[in-house]
Amino acid sequence: MRIGVVAIPGTFDSAFTSVLDILRVAEMLRPSVDRDIPPLETTVVGLRPSVRTAGGLIVEADRALDDGLDDYDVLVVPALGALSAPAVEDALALPEIRRLRAVLHDRPEAELPRLAGACTGTFLLAEAGRLDGVTAATSWWLSETFRRRYPKVDLDTSRMVVRSSSVLTAGAAFAHIDLAVSLVSETSPRLAETVVHHLLIDERPARSMEAVHAHLAVTDTLVTRLEDEVRRRISDDLSVTDLADALGVTRRTLERHVRLRTGATPNQLVRRLRAERAKHLRRTTDLSMDQIAHRVGYANAVTLRRLLASTT
């Protein structure tokens, strides 16, 4: 997964850096979890060569916005660093923000990566028209302003993270953590669980541990067991009923857990894992497409190519 994180002038330091830290830690831990999990390549996308955050941190861009977005799978827009409705409107009027808004608004959806935003960053996505007709989250204390400005967006204030096919949104500032963990979870629930336990759990008793529960809710033991089972039997003919039986649960229970934690059906998760393994084998071996197809549970290269085309 290739992820670009936009460096927005005046963004909250923790909002920006928490996304980078979680994604980069996930990549460091990935080989210890399963080398077949696709790499997470994270870069900083600059609206200018360097920007200053709200706390004075100078962030150097890895790439410029003008370099294009074609090779990203996800583009993350963090918080604008505003604490009131007027401040959000002022931030949206900044020249750099207006330029980013224009890029996201003017390009056809097919030419854009999947978009993700948290806190006031969701305002920018809505401003670009990318949340019209979509269910989304934002900071609860700005919900009235958001609804007034963007009546075409179905705002959901009951969830911390809201997924759709093309956009991922999250609530207030520290929801950037949930957003980043959710992105990792889409690649591998097992990897997301490992990241959470490395970064968010402190065995010393503390009131702050209560805040961890929201992040742990992103992970699910049943889903990670499912991922392990699929990876172990990836060349087999797998059905959802067989997988549910192997895990000792009903099909309905398995479907509910997978939908809640990954936003996908069990069949979609199986296809995603097969595609990941196939791409890994293409990069790291000299196997033919027919040979790779058999190794990931498909009859021939034609079927495999259709799978890969549908998951790019």
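This report describes the overall dimensions, the central sheet, one helix packing and two residues of helix H3 in a predicted model.

**Overall dimensions**

The protein contains 14 helices and 11 strands, and its C-alpha atoms fill a box of roughly 55 × 45 × 35 Å when the box is taken along the principal axes. For 312 residues a compact globule would be expected to have a radius of gyration near 20 Å, and the 20 Å found for the protein agrees with that expectation. Buried residues account for 51% of the 312 residues. When contacts between residues at least 6 apart in sequence are considered, 63% of them join residues at least 24 apart.

**The sheet and strand E11**

Seen in order, the strands of an open sheet of 7 strands run E5-E2-E1-E6-E7-E11-E10, and their pairing is mixed. The edges are formed by strand E5 (63-64) and strand E10 (161-163), each of which pairs on one side only. In general, the strands of a sheet pair through backbone hydrogen bonds, in either a parallel or an antiparallel sense.

Strand E11 illustrates both senses: strand E7 (residues 114-118) runs parallel to strand E11 (residues 167-170) and is joined to it by 4 bridges, whereas E10 and E11 pair in the antiparallel sense over 3 bridges. On the E7 side, Leu115 has Val167 of E11 as its bridge partner, and Gly117 stands opposite Thr169 in E11. From E10, Val162 also stands opposite Thr169 in E11. The side chains of E11 divide between two directions, with Val167 and Thr169 pointing one way and Leu168 and Ala170 the other way, and all of them are buried.

**Helix H1 on the sheet and against H7**

Helix H1 (residues 13-33) lies across strand E1 (2-7), strand E2 (41-46) and strand E6 (74-77), and the helix runs at about 160° to E1. H1 also meets helix H7 (residues 189-199), the two axes coming within 9 Å and crossing at roughly 115°. The crossing of H1 past H7 is right-handed. On the H1 side the contact is made by Ile22, Val25, Ala26, Leu29, Arg30 and Val33, while H7 contributes Arg190, Leu191, Thr194, Val195, His198 and Leu199. Sorted by class, this contact has 8 nonpolar, 2 polar and 2 charged residues.

**Two residues of helix H3**

Leu104 is placed in helix H3 (residues 95-106), and Glu96 has its place in helix H3 as well. The table sets out the relative accessible area of each.

| Residue | Relative accessible area |
|---|---|
| Leu104 | 0% |
| Glu96 | 17% |

Why does Glu96 count as buried? A residue is called buried if its relative accessible area is under 20%, and Glu96 is therefore buried because its value is 17%. Leu104, with 0%, is likewise buried.

Leaving aside neighbours within four places in sequence, Leu104 is in contact with Leu69, Leu75, Leu112, Leu115, Leu124, Leu125, Ala128 and Arg130. One of these partners, Leu115, is the residue whose bridge partner in E11 is Val167. The C-alpha atoms of Leu104 and Ala82, which lie 22 residues apart along the chain, are separated by 21 Å. With the same neighbours set aside, Glu96 is in contact with Pro9, Leu47 and Arg48.

Conventions: Residues numbered from 1 in each chain as written. Predicted model: local features only at pLDDT ≥ 70, side-chain atom pairs only at ≥ 80, totals over all residues. Heavy atoms only, no water. Pairing = 2+ DSSP bridges. Contact = heavy atoms within 4.5 Å. Axes fitted to C-alpha atoms, helices over the stretch in contact; angles between N-to-C directions. Left-handed = near helix turned anticlockwise from the far one by under 90°. Nonpolar A, V, L, I, M, F, W, Y, C, P; charged D, E, K, R; others polar. Rg over C-alpha atoms; globule rule 2.2 N^0.38 Å. Buried < 20%, exposed > 50% of the residue type's maximum accessible area, 1.4 Å probe, protein only.
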